Amino acid sequence: GQAIAQQGNGQGAIACLSCHGPQGEGNAAGGFPRLAGLPAGYLSHQLRSYRDGTRQNPMMQPFALALTDEDIQAVSAYYASLEGEDVNLPTSYQAAAPENTAEWLAERGDWENTIPACNQCHGPNGQGVGDTFPPLAGQHASYLAAQLNAWRNGTRSNDPNGLMQGIAERLSEEQIGLITAYYATL
Ligand code: HEM
Ligand code: HEM
């Protein structure tokens, strides 16, 4: 991966660093995005997309077309591994490790289990949005858990478009305990 980034692959993909910078930091003036620290799966998806034309860009496409599946995997893993002091970045962005905490679930969701962030609908800090999305902040944990369980066992099915039922079904018992305790303290 590092070799491709710094020297190209010898098959038509020139060194990535000529545009994306020596540390994958990108170049704002040139319109070259930062690659350092982006998730490997995201990077490889973008490279395959340039290759198959579902993402079109005349500058990137020829290089993506010259990369094999192996190249894509290696160079994506390399850029994903660059972080912190290796990279001289103008912003404070740092890739964070996923953690199964209530705050994580509330703000980012658990996409491996197709659970969106609660705050996406219930608003920043679970403060609620309009007449449709009730606040969760400050509600009793036992009540919140009882509602999630009500969707799971079918005694509550009043949610518009089934928005809550699927989420309630996909949450683990452990996540229900964590998330309801979290909102109760906000
Ligand atoms: C975008 C990887 C070489 C110019 C991207 C993206 C990736 C990538 C993953 C998408 C980033 C995102 O979605 O956040 C690579 C790799 C390279 C390479 C692995 C080496 C094999 C180059 C070179 C140039 C270049 C040599 C300049 C001639 C660009 C530009 C974009 C881009 C302009 C933005 C295109 C758009 O708006 O869709 N590159 N790149 N890349 N790259 Fe590269
Ligand atoms: C209602 C929890 C994510 C949409 C509720 C209630 C709870 C809850 C406990 C009942 C509140 C009450 O009865 O006062 C959660 C948790 C989530 C989550 C823990 C994240 C894991 C979402 C998301 C959406 C959503 C992502 C939107 C796609 C709704 C709606 C209601 C509701 C529309 C009101 C249903 C009705 O009209 O009765 N949620 N929620 N929720 N939630 Fe969520």
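This passage describes the surroundings of two ligands in a predicted model.

In the predicted model, the iron atom of ligand 1 has two protein donors, namely the NE2 atom of His20 and the SD atom of Met60, which lie 2.0 to 2.1 Å from the metal. These two residues bring together distant parts of the chain, for they stand 40 residues apart, with His20 in helix α2 (residues 17–20) and Met60 in the loop between α3 (40–52) and α4 (61–65). Around the iron atom of ligand 1 there are six donor atoms, and the arrangement is octahedral because the angles that they subtend run from 84 to 180°. His20 has a relative accessible area of 9% and is therefore buried, the cut-off being under 20%. Met60, with a relative accessible area of 18%, is likewise counted as buried.

The shell around ligand 2 is formed by 24 residues, of which Cys118, Cys121, His122, Arg156 and Met164 come nearest. At least two residues of this shell are supplied by each of the helices α7 (118–122), α8 (141–153) and α9 (163–170), and it is α8 that gives the most, with five residues. When the shell around ligand 2 is divided by class, 18 residues are nonpolar, four are polar and two are charged.

Several side chains also approach oxygen atoms of ligand 2 through polar atoms. For Tyr143, a polar side-chain atom is placed 2.6 Å from an oxygen atom of the ligand, and for Arg156, which is also one of the residues that come nearest to ligand 2, the corresponding distance to an oxygen atom is 2.6 Å. In the case of Asn158, an N or O atom of the side chain lies 3.0 Å from an oxygen atom of ligand 2.

Methods:
Residues numbered from 1 in each chain as written. Chains lettered and ligands numbered in written order. Predicted model: local features only at pLDDT ≥ 70, side-chain atom pairs only at ≥ 80, totals over all residues. Heavy atoms only, no water. Donors = N, O, S within 2.8 Å, 3.2 Å for Na, K, Ca; no water. Tetrahedral: all angles 85-135°; square planar, octahedral: opposite > 155°, others 65-115°. Helix = DSSP H or I, 4+ residues; strand = E, 2+ residues; numbered from the N terminus. Buried < 20%, exposed > 50% of the residue type's maximum accessible area, 1.4 Å probe, protein only. Near = heavy atom within 4 Å. Polar contact = N/O pair within 3.5 Å; in protein donor to acceptor, adjacent residues only side chain to side chain. Nonpolar A, V, L, I, M, F, W, Y, C, P; charged D, E, K, R; others polar.
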